[in-house]
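Visitor: I am new to this structure. Please take one part and walk me through it closely, with its surroundings.

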Amino acid sequence: MIIFYAFGAAFGLPDASPFVMKAEILLKMSGQPYQVNTKGMFKAPKGKLPYINDDGTVVADSTFIRWHLERKYGIDFDQGLSAEQRATAWAVEKMLEDNLYWIGVHWRWVDDANFAKVAAVFFKPVPWWVRAPVEAFVRRRVRNSLHGHGMGRHSVAEMQAIGNRGLTTLATLLGDKPYLMGDQPCGTDAMMFAILTSALCPHFETPMKEEVKRYANLVAYEGRMRGRFFGAK
């Protein structure tokens, strides 16, 4: 049995983290039985979630979880795709992870109004007398990560321009297909859904959400993926 270490459902999302949602969809696509454990953060091999323990083999990071499932269980998450389509899907996945994910981090952790909503959930278990300094410490670390990545060095307008270009790209590539590359989900659909459902989260108000809502095919896609892998809202 695979033990899947996650944060758990929050803000009306299957998980607070897009990368955890990506990994869980891959697990569902694999057909392998798994059990969710939300108590593993402090034992995470790389200091972050997700990770899995597959009968004693610990694998951290959503991409390495994918590769582990492919190797051990003979799964091809891109079955039926040509070499060119596989390359396109991989490039899209890296755009999602390297651009749109970090813009989402900005809107949750740097924007004051949204951060107050994040803090009310994330730091609720922390004793009230140390909650404020803990919140400040973690928020500062996230800001530093954004700055180190590079996205945090841009102005809000510049980030929005990058995000809008990325969402236009997704909408164009999706077109009228049910899933990114065709009639069935491929590996990249796991991350595409995670980013879009996070952006559309009703608990947060962001320009990214308003931009996603401009594209009817992206909104329909998010609902289609959620229904398929997590049931109706």
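Guide: Here is a close look at helix α1 and the parts around it.

First, some ground rules. This is a predicted model, where local features need pLDDT of at least 70, side-chain atom pairs count only at pLDDT 80 or more, and totals for chains, interfaces and linings use all residues. Residues are numbered from 1 along each chain as its sequence is written, and side-chain values use heavy atoms, with hydrogens and water left out. Helices (H or I, at least four residues) and strands (E, at least two) are DSSP runs, numbered from the N terminus.

Start with the helix itself. α1 has 13 residues. From its first C-alpha to its last, α1 reaches 18 Å. That is close to the 18 Å expected at 1.5 Å a residue. The expected span is 1.5 Å times one less than the number of residues.

How many residues of α1 are buried? The count is 11 of its 13 residues, so α1 is mostly covered. Buried means under 20% relative accessible area, exposed means over 50%, and partly exposed is in between (1.4 Å probe, protein chains only). The buried residues are Pro18, Phe19, Val20, Met21, Lys22, Ala23, Glu24, Ile25, Leu26, Leu27 and Ser30. Their cover includes β1, β2, α2, α3 (83-109), α7 and α9.

Zoom in on Leu26. This residue sits in α1. Leu26 counts as buried because its relative accessibility is 0%. Leaving aside neighbours within four places in sequence, Leu26 is in contact (heavy atoms within 4.5 Å) with Ser62, Arg66, Leu69, Phe77, Gly187 and Ala190. Thr197 is 171 residues away from Leu26 along the chain. Their C-alpha atoms are separated by 16 Å.

Now take the partner helix, α2. The axes of α1 (residues 18-30) and α2 (residues 62-73) come within 9 Å and cross at roughly 10°. Axes are lines fitted to C-alpha atoms, for helices over the stretch in contact, and angles run from 0 to 180 degrees between N-to-C directions. The two helices are therefore roughly parallel to each other. Angles under 35 degrees count as roughly parallel, over 145 as roughly antiparallel, 65 to 115 as roughly perpendicular and the rest as oblique.

Which residues meet there? From α1 come Phe19, Lys22, Ala23, Leu26, Leu27 and Ser30. From α2 come Ser62, Thr63, Ile65, Arg66 and Leu69. By class, this contact has six nonpolar, three polar and two charged residues. Here Ala, Val, Leu, Ile, Met, Phe, Trp, Tyr, Cys and Pro count as nonpolar, Asp, Glu, Lys and Arg as charged, and the others, Gly among them, as polar.

α2 also holds His68. At 8% relative accessibility, His68 counts as buried. Not counting residues up to four places away in sequence, His68 touches Ile52, Asp54, Thr57, Val59 and Tyr73.

Next, the loop leading to α2. Asp61 is found between β4 and α2. Its phi is near 90°, a positive value in a residue other than glycine. Most residues other than glycine have a negative phi, and most peptide bonds are trans. Asp61 counts as partly exposed, at 22% relative accessibility. Asp55, in the loop between β3 and β4 (57-60), also has a positive phi, near 50°. Asp55 is exposed, with a relative accessible area of 59%. In the loop between β2 (34-37) and β3 (51-54) lies Pro50. A cis peptide bond joins Leu49 and Pro50, with omega about 10°.

On the other side of α1 in sequence, Gly8 lies in the loop between β1 (2-5) and α1. Gly8 is buried, at 17% relative accessible area. Gly8 touches Pro14, Asp15, Ala16 and Thr38, not counting residues up to four places away in sequence.

Last, α9 (residues 216-230), part of the cover of α1. α9 has 15 residues. Its buried residues are Leu218, Tyr221, Glu222, Met225, Arg226 and Phe229. Seen down the axis, they fall within an arc of 130°, so they line one face of the helix. The arc is that of the directions from the helix axis to the C-beta atoms. What covers them includes α1, α6 (156-174), α7 (187-199) and α8 (207-213). Just after α9, Gly231 takes a positive phi of about 85°.
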